[in-house]
Amino acid sequence: MLGLLNDVWRYQVDEGLWIWINGFSSVGDKGIYGEKGVSNSTNMPGGRIFVVGAYDSATRDLWVFGGLGCDAWGNIGQLNDLWKFNINNNIWTWISGNATISKPGFYGEKGIPSPDNVPGAREAAVGWYNPYKNELWLFGGIGFGNDSNSGM
């Protein structure tokens, strides 16, 4: 069956073999969010596409933001959740954003960090990791700005 996936795989280049590491083998699985900032073996982002992904070579963490996918209730839409996957222990941590689809962003004041700031739900954005400052960057995409009007 065709659908949204949340499985994590590793390819061993020298052996030419795939290993299923984390996630479900079924499609359309909802996210299991747990508590923000708390690593737990039961945490799992829902199946999704068009995510932003980044890699931190110092900590060996994978980062995933948003995309079009399944929220905590199985609803499908644009997400603004930020997840960290630790490849040393294969555990997900929900870091930021919402557990539900179609959330607008909160922009605050340009250039001023705030715990209230969060990008709106989106897909097909571009992102990268700056290892020198331990920062994730996000640019554009299709989604929600600072209100509930969709970007399409």
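## Strand pairing, aromatic pairs and buried contacts

Strands S9 (residues 126-130) and S10 (residues 135-139) run antiparallel and are joined by 5 bridges. Within this pairing, Val126 stands opposite Phe139 of S10. The hairpin formed by S9 and S10 has 4 residues between the strands, and Asn134 there adopts a positive phi near 55°. The model described here is predicted.

**Aromatic pairs**

A pair of aromatic rings is described by the distance of the centres and the angle of the planes. Searching the whole structure yields 8 aromatic pairs. The table gives two of them.

| Pair | Centre to centre | Angle between planes | Class |
|---|---|---|---|
| Tyr11 and Trp18 | 4.9 Å | 55° | tilted |
| Tyr33 and Trp94 | 4.8 Å | 80° | edge-to-face |

For the Tyr33 and Trp94 pair, the partners lie in distant parts of the chain, 61 residues apart: Tyr33 belongs to the loop between strand S2 (17-22) and strand S3 (48-49), while Trp94 belongs to strand S7 (residues 91-96). Both Tyr33 and Trp94 are buried. In the tilted pair, Tyr11 has a relative accessible area of 39% and is therefore partly exposed. Trp18 has a relative accessible area of 56%, so this residue counts as exposed. Tyr33 and Trp94 also belong to one aromatic cluster, together with Trp83, Phe85 and Trp92.

**Nonpolar cores**

In soluble globular proteins, nonpolar side chains tend to be buried together. In this model the largest nonpolar core has 11 residues: Val8, Tyr33, Met44, Val64, Ala72, Leu79, Trp83, Phe85, Trp92, Trp94 and Ala99. Strand S6 (76-86) and strand S7 are the elements that give two or more residues to this core. S6 supplies the largest share, 3 residues.

Leu79, one of the members of the largest core, has an extensive list of partners. Not counting residues up to four places away in sequence, Leu79 touches Tyr33, Arg48, Gly66, Gly67, Gly69, Cys70, Asp71, Thr100, Ile101, Ala121 and Arg122. A second, separate core contains 7 residues, among them Val52, Ala54, Ala125 and Tyr129.

**Buried charged and polar residues**

The structure contains 1 salt bridge. The partners are Arg48 and Asp81, whose closest N and O atoms are 2.8 Å apart. This salt bridge links distant parts of the chain, with Arg48 in strand S3 and Asp81 in strand S6, 33 residues apart. Arg48 and Asp81 are both buried. Arg48 is also among the residues touched by Leu79.

Asn80 is likewise placed in strand S6. Its relative accessibility is 0%, and Asn80 therefore counts as buried, the cut-off being under 20%. How does the side chain of Asn80 meet the backbone, and at what distances? The side chain of Asn80 reaches the backbone nitrogen of Asn98 at 3.0 Å. The Asn80 side chain also reaches the backbone oxygen of Pro119, at 3.0 Å. Leaving aside neighbours within four places in sequence, Asn80 is in contact with Phe65, Gly66, Ser96, Gly97, Asn98, Lys103, Val118, Pro119, Gly120 and Ala121.

Strand S6 thus connects several of these descriptions: S6 gives 3 residues to the largest core, Asp81 of the salt bridge lies in S6, and so does the buried Asn80.

Methods: Residues are numbered from 1 along each chain as its sequence is written. This is a predicted model: local features need pLDDT of at least 70, side-chain atom pairs count only at pLDDT 80 or more; totals for chains, interfaces and linings use all residues. Side-chain values use heavy atoms; hydrogens and water are left out. Two strands pair if DSSP finds at least two bridges between them. Rings of Phe, Tyr and Trp (its six-membered ring) pair if their centres lie within 6.5 Å; planes under 30 degrees apart count as stacked, over 60 as edge-to-face and the rest as tilted. Buried means under 20% relative accessible area, exposed over 50%, partly exposed in between (1.4 Å probe, protein chains only). A nonpolar core is a set of buried Ala, Val, Leu, Ile, Met, Phe, Trp, Tyr and Cys residues joined through side-chain atoms within 4.5 Å. Contact means heavy atoms within 4.5 Å. A salt bridge is a side-chain nitrogen of Lys or Arg within 4 Å of a carboxyl oxygen of Asp or Glu. A polar contact is a pair of N or O atoms within 3.5 Å; within protein, one must be able to donate a hydrogen and the other to accept it, and residues adjacent in sequence count only if both atoms are side-chain atoms.
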